[in-house]
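Here are a few exercises to work through with the model open beside you. Try each task yourself, then check the steps below it.

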Amino acid sequence: MVRVPKLTPADAAAALRNPLAFIADRWTPDPRTVRRAALAALVMSVVIVVTGGAVRLTGSGLGCPTWPTCTDDSLTTTRAMGVHGVIEFGNRMLTYVLCAAVGWAIIAARSGKPWRRDLTRLGWAQFWVVMGNAVLGGIVVLVGLNPYTVAAHFLLSTALITVATVMWQRTREGDAEPRPLVGGAVRQLVWVLVAASVLLIAVGTVVTGSGPHAGDSTEVARIPLDWEMIAKLHAVLAWIVVTLTFALWFVLKAVDAPKVPLSRTRELFLILLGQGVIGYIQYFTHLPEALVGLHMLGSCLMWIATMRVLLSLRERPASLTHVPGPATEVSVGTPA
């Protein structure tokens, strides 16, 4: 059996002062563990978006009519609130699962040897975005699902996915200075693609805010715009993003770019095609809830793929990093 070390009063005091440093002194995770922790945080950031969409699509947005408690008299849902209360309260509980995943990512990053401060900071950035979005989610409930706050709630979730994607990518790389794999003109084209994708997602929230799925069966305010007109604008932007992606793939082939940017661009193109098919089907079938939910998942995957294209334009190989102590270690990282 492995002997469990005894904790001294000094150890307990150190754990209280800085619990992350205390854990890091006693645990060194495998690099794969750090990568898996970052991936778990990314997966949960997508799950929370999809389940939040399920809350809205089932009309359960006010299943718990107040916040932070579920009702004025109960922290949890009650039988009288029915299935809508269960769905809304269940989504709130998933926030704790998300926090646990982000916490695991922070602890794993802090405990890695050598310590990579950039990974820890990305983990903490996710934590604060989660906290901010939890408060914003409460405001969404308190203002009766105001569509502008709902849109902001989704956009902040997209910001969380952005940081989680960057952290996951950084766990697969080294700490050397990034080296560009393509020329400046290609990088500029990718930034145009990223900007168009941001605009596409933003207009998508306007489609949601003006469309028929208000999030509750009661009368809920909507953005005073013709949602069909906004949906057509959304489709035009989608075609622009598809065109830019295809143009990027063509340019990468023409300049004989490395394999990774080509692969990431191809993945994005395929996701966009699938997302487009779902979008047109849901439009012509009058927005069935299942397809709208699938479209929200596709939006998350599309944005992750876009970020991976951007991050694939450079490489960061392993670098020698001095670790205080008797030895110098090599930080292991492989470009993805």
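**Exercise 1.** Is arginine 170 buried or exposed?

*Solution.* Keep in mind that you're looking at a predicted model.
- Start with the cut-off: buried means under 20% relative accessible area.
- Now the value: arginine 170 has a relative accessible area of 5%, so it is buried.

**Exercise 2.** Find the salt-bridge partner of arginine 170, and work out which parts of the chain the pair ties together.

*Solution.*
- Look for a carboxyl group by the arginine: arginine 170 forms a salt bridge with aspartate 118, and their closest N and O atoms are 2.5 Å apart.
- Next, place both ends. Aspartate 118 sits in helix α5 and arginine 170 in helix α6, so the bridge ties together parts that are 52 residues apart in sequence.
- Finally, check the cover on the partner: with a relative accessible area of 24%, aspartate 118 is partly exposed.

**Exercise 3.** Where in the chain are the two residues that aspartate 175 and arginine 116 bring together?

*Solution.*
- First confirm the contact: the two side chains meet in a salt bridge, 3.1 Å from N to O.
- Then locate them. Aspartate 175 is in the loop between α6 and β1 (179–180), while arginine 116 is in the loop between α4 (82–111) and α5; these are distant parts of the chain, 59 residues apart.
- Now compare each with the cut-off. Arginine 116 counts as buried because its relative accessibility is 9%. Aspartate 175 counts as partly exposed, at 25%.
- To put it together, Arg116, Asp118, Arg170, Glu173, Asp175 and Arg314 are linked in a network of salt bridges.

**Exercise 4.** Which helices does the salt bridge between glutamate 267 and arginine 308 link?

*Solution.*
- The side chains of glutamate 267 and arginine 308 meet at 3.9 Å, N to O.
- Glutamate 267 belongs to helix α9 (residues 259–284) and arginine 308 to helix α10 (residues 289–311), with their positions 41 residues apart in the numbering.
- Arginine 308 is buried, with a relative accessible area of 16%, and glutamate 267 is partly exposed at 34%.
- For the overall tally, the count of salt bridges comes to ten.

**Exercise 5.** Which residues make the nonpolar surface patch of about 410 Å²?

*Solution.*
- The patch is made by Trp67, Val135, Ile139, Leu142 and Val143.
- Pick one of them to place: valine 143 is in the loop between α5 (117–142) and α6 (147–171).
- Patch residues need over 30% relative accessible area. Valine 143 has 43% relative accessibility, so it counts as partly exposed.

Key: Residues are numbered from 1 along each chain as its sequence is written. This is a predicted model: local features need pLDDT of at least 70, side-chain atom pairs count only at pLDDT 80 or more; totals for chains, interfaces and linings use all residues. Side-chain values use heavy atoms; hydrogens and water are left out. Patches are made of residues with over 30% relative accessible area and no salt bridge: like charges are joined within 9 Å, nonpolar side chains (Val, Leu, Ile, Met, Phe, Trp, Tyr) within 5 Å. Accessible areas come from the Shrake-Rupley method with a 1.4 Å probe; for residues, only the protein chains shown count as cover. A salt bridge is a side-chain nitrogen of Lys or Arg within 4 Å of a carboxyl oxygen of Asp or Glu. Helices (H or I, at least four residues) and strands (E, at least two) are DSSP runs, numbered from the N terminus. Buried means under 20% relative accessible area, exposed over 50%, partly exposed in between (1.4 Å probe, protein chains only).
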